[in-house]
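Colleague: I'd like to go through this one with you. Can I ask a few questions as we look?

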Amino acid sequence: MVDVLMLAQGGGGITDTGITDAGKAIALGVGAGLGSIGAGIGIGIIFGKEIESVARQPEMKDDLQAIRWLGFALTEAVAFYTFIFGLIAFFL
Amino acid sequence: MRTRTKVLLAIAIWLGVAILLGLAFGSEGKNEEFQPQNEFKLEPWISLKVAGIDLSVNKAVLYLFLASALTVMTMTWIANRMEQRPNRVQTAAEVFYNLARSNIAGGNMDPRFAARWFPFVGGLFFFIWFSNMIGFIPLPINTEETIDVFGIGFPALALYAATANLSVPLVLTIVVWFSYNFQGVREKGFIRYFRSWLPPGLEDMNPVGKAAIFVIEVLSHFVRLISLSVRLFANILAGHLLILFMAGGLAVLLGLAALGALTFPMVLFFYLFEVVLVATLQAFIFATLTAIYIGGATAESH
């Protein structure tokens with residue numbers, strides 16, 4: 001655990017660069033984490049609605065399957081956008 | 001009861017190994033020499049500079065060539081060996097071919113354009129699929145670490161994917177972007193095509209509102225460049241990062257042996273998830289969105 005804290009502080013005591021690095025690490029973690037919340041809710045809505053639709057109209061199952069995967073991938077990508085922007089904030 | 005005992009026993013052994021490793025090694029300093037994050041660093045193998053542009057051959061180039069060769073060779077090989085009674089390989093290839101033809105191209109474009117653009121869309125699908133899949137096979141590409149086999153240093157096995165590098169998806173996206181705009185302009189003429197960017201139902205709106213919506217539509221067309229490329233790139237990169245970190249990258253970076261034992265079982269899960277779902281799904285999504293963009297650019301009433 002100490003090592004994680006040391007890594008976040010840039011290896012030494014609390015210096016200016018240490019605080020900057022810690023801020024970047026927090027930005028990456030919090031940004032990607034909050035982004036994942038939104039994508040998680042979205043994916044849940046997609047699968048929930050799909051189950052609901054299939055329960056209402058089982059004959060539509062094959063048509064809905066393709067749309068479900070499209071919606072899933074489009075929504076899941078949002079989590080990765082935040083992750084990539086977090087990485088950009090971390091490394092630049 | 002029996003299954004439950006087994007599961008509990010497995011979890012106990014897993015945690016026990018982690019705790020034992022933690023007690024035995026603690027944190028004995030970090031290993032600074034081995035840097036697992038170099039998976040994503042592109043070492044120039046053959047340095048090439050043409051007019052100030054870096055055209056060095058590195059592992060991404062190797063993966064691109066591998067993916068193209070695999071795509072062309074497997075598909076022609078299967079096509080030349082077509083039989084009346086398909087064997088297993090042919091059946092699998094036909095399933096994917098049908099998916100690309102009737103589902104991706106046929107489902108999102110008019111039949112005329114589906115026939116014209118199916119080779120492009122299908123080619124994209126298969127190229128990205130092969131490119132993603134060979135990214136999950138360990139290949140001897142890590143030239144920094146070598147394994148001695150009979151005195152000869154071979155490069156160590158490593159994972160990399162051409163699509164985990166932004167340049168490759170971005171180039172594919174730019175090709176897609178220009179081709180759908182080109183097809184739209186050719187089909188409808190310059191002015192009619194750009195007028196068709198406006199959503200229907202705005203006939204009664206005043207010109208200022210129309211202009212504002214047109215600006216938003218123009219922006220959305222340019223954002224497609226980012227969203228389409230970053231979606232593929234970020235999915236594959238995140239998958240590779242997860243596999244890297246769970247397989248021991250975190251333990252090496254932080255110098256905690258116990259962490260490696262804790263995270264290792266998750267590698268299997270993430271690896272299967274990436275190979276079974278994400279690799280195919282991202283190729284499918286890229287091709288489907290290409291077909292949707294071309295279909296939207298050529299559709300009569302937008």
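Here is our chat about the contact between the chains and about one helix.

Modeller: Quick housekeeping: this is a predicted model, where local features need pLDDT of at least 70, side-chain atom pairs count only at pLDDT 80 or more, and totals for chains, interfaces and linings use all residues. Residues are numbered from 1 along each chain as its sequence is written, and chains are lettered from A and ligands numbered from 1 in the order in which they are written.

Colleague: Which helix of chain A gives the most to the side that touches chain B?

Modeller: Contact here is C-beta atoms, placed from the backbone, within 7 Å, and 12 residues of chain A are in contact with 15 of chain B. Helices are DSSP runs of H or I, at least four residues, and strands are runs of E, at least two, numbered from the N terminus. Helix 1 (2–8) and helix 3 (61–91) of chain A each supply at least two residues of that side. The one that gives the most, with 9 residues, is helix 3 of chain A.

Colleague: Is B:Leu272 buried or exposed?

Modeller: B:Leu272 is in helix 8 (residues 257–298) of chain B. Buried needs 20 or more other C-beta atoms within 10 Å, exposed 12 or fewer, partly exposed in between, with C-beta atoms placed from the backbone. B:Leu272 has 11 C-beta neighbours inside 10 Å, so the verdict is exposed.

Colleague: How wide an arc do the buried residues of helix 2 of chain B cover?

Modeller: Those residues are B:Lys59, B:Tyr63 and B:Ala67. The arc is that of the directions from the helix axis to the C-beta atoms. They sit on the same side of helix 2 of chain B because their arc is only 85°.

Conventions. Contact = placed C-beta atoms within 7 Å.
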